[in-house]
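Good morning, colleagues. Please turn to the structure on the screen, and I will take you through two of its regions in turn.

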Amino acid sequence: MSKLQVDNVSKHYATRSQPLEVLRGVSLALEAGQNLAIVGPSGSGKSTLLSIIGTLDQPTSGRVLINDIDVQGLSEPELAAFRSRRIGFVFQDHYLLPQCSVLENVLLPAVPLGPISVETFQRAEMLLERVGLSERREHRPAELSGGERQRTALARAMINGPGLLLADEPTGNLDRTTADRVGQLLLELQQQEPMILIVVTHSQRLAETMQCRYELDAGVLRQLAGLR
Ligand code: ADP
Ligand code: MG
């Protein structure tokens, strides 16, 4: 079971003049099977919030609990292991390794967890099938279309069976049709393996396919539509 609780999270950066307040008292509570879109103008703190939820960055104040674990209480090695097992990331850029095949790229996040088992290998193949890339498994990223690269990145994010999938502008580099396909796949993957899905997007179309929508404006999170 997956549970995410964001409690009154604020983030400030020290600057030469007054501190820059990037997030102001952001709170959220989500459970497995729920999905959420966060929209908002550029610079409003969306990526910062996603990084904090994904344990890549720390809040100035407030807490993030994942499965009731206060992630700030974990040491750096514990956090790295926790992140590998529990959290999947998809970014606007695919960040695939150019020298590795599609299949190898999908397997990469499993490498820090130990020797690749037969089950993990089969899972990679199953995920490639789900994102429609079985025929491309031996291709290098340069031999793929933009949509295929992003679909590879989706399969990679899913390899360790995360309870929390975080996507930051996952369709930002794609044309409309390809973006629709990637958005649809995100939701399909979530239906097949109940997790929490948070998508930051500029796309109104993608946001509207999510169960609920929030807007981040100048660091304040406000619900626009959906559950609750
Ligand atoms: P968004 O993803 O909504 O476009 P970001 O979360 O990337 O916004 O950034 C929010 C604000 O925080 C921006 O004004 C940005 O300049 C500022 N910011 C981000 N990282 C840092 C940092 N390391 N130091 C200072 N300011 C930062
Ligand atoms: Mg951003």
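Which elements each supply at least two residues of the shell around ligand 1? In this predicted model, they are strand 2, residues 20–31, and helix 1, residues 46–53. Helix 1 makes the greatest contribution to that shell, namely three residues.

Let me now name the members of the shell. Ligand 1 is surrounded by Tyr13, Leu20, Val22, Pro41, Ser42, Gly43, Ser44, Gly45, Lys46, Ser47 and Thr48. By class, four of the shell residues are nonpolar, six are polar and one is charged.

I turn next to the polar contacts with the ligand. At Gly43, a backbone N or O atom lies 2.7 Å from an oxygen atom of ligand 1. Gly45 likewise takes part through its backbone, with a polar atom 3.0 Å from an oxygen atom of the ligand. Ser47, by contrast, uses its side chain: a polar atom there lies 2.9 Å from an oxygen atom of ligand 1. As for coverage, ligand 1 taken alone exposes 570 Å², and the protein buries 57% of that.

The second region is helix 2, which spans residues 76–86. Which of its residues are buried? They are Leu79, Phe82 and Arg83. These three lie on the same side of helix 2, because they cover an arc of only 100° around the axis. What do the buried residues of helix 2 pack against? Their partners are strand 4, residues 61–66, strand 5, residues 69–70, and strand 6, residues 87–90.

Thank you for your attention.

Note on methods
Residues numbered from 1 in each chain as written. Chains lettered and ligands numbered in written order. Predicted model: local features only at pLDDT ≥ 70, side-chain atom pairs only at ≥ 80, totals over all residues. Heavy atoms only, no water. Near = heavy atom within 4 Å. Polar contact = N/O pair within 3.5 Å; in protein donor to acceptor, adjacent residues only side chain to side chain. Areas by Shrake-Rupley, 256 points an atom, 1.4 Å probe, with all protein chains shown as cover. Helix = DSSP H or I, 4+ residues; strand = E, 2+ residues; numbered from the N terminus. Nonpolar A, V, L, I, M, F, W, Y, C, P; charged D, E, K, R; others polar. Buried < 20%, exposed > 50% of the residue type's maximum accessible area, 1.4 Å probe, protein only. Arc of directions from axis to C-beta. Contact = heavy atoms within 4.5 Å.
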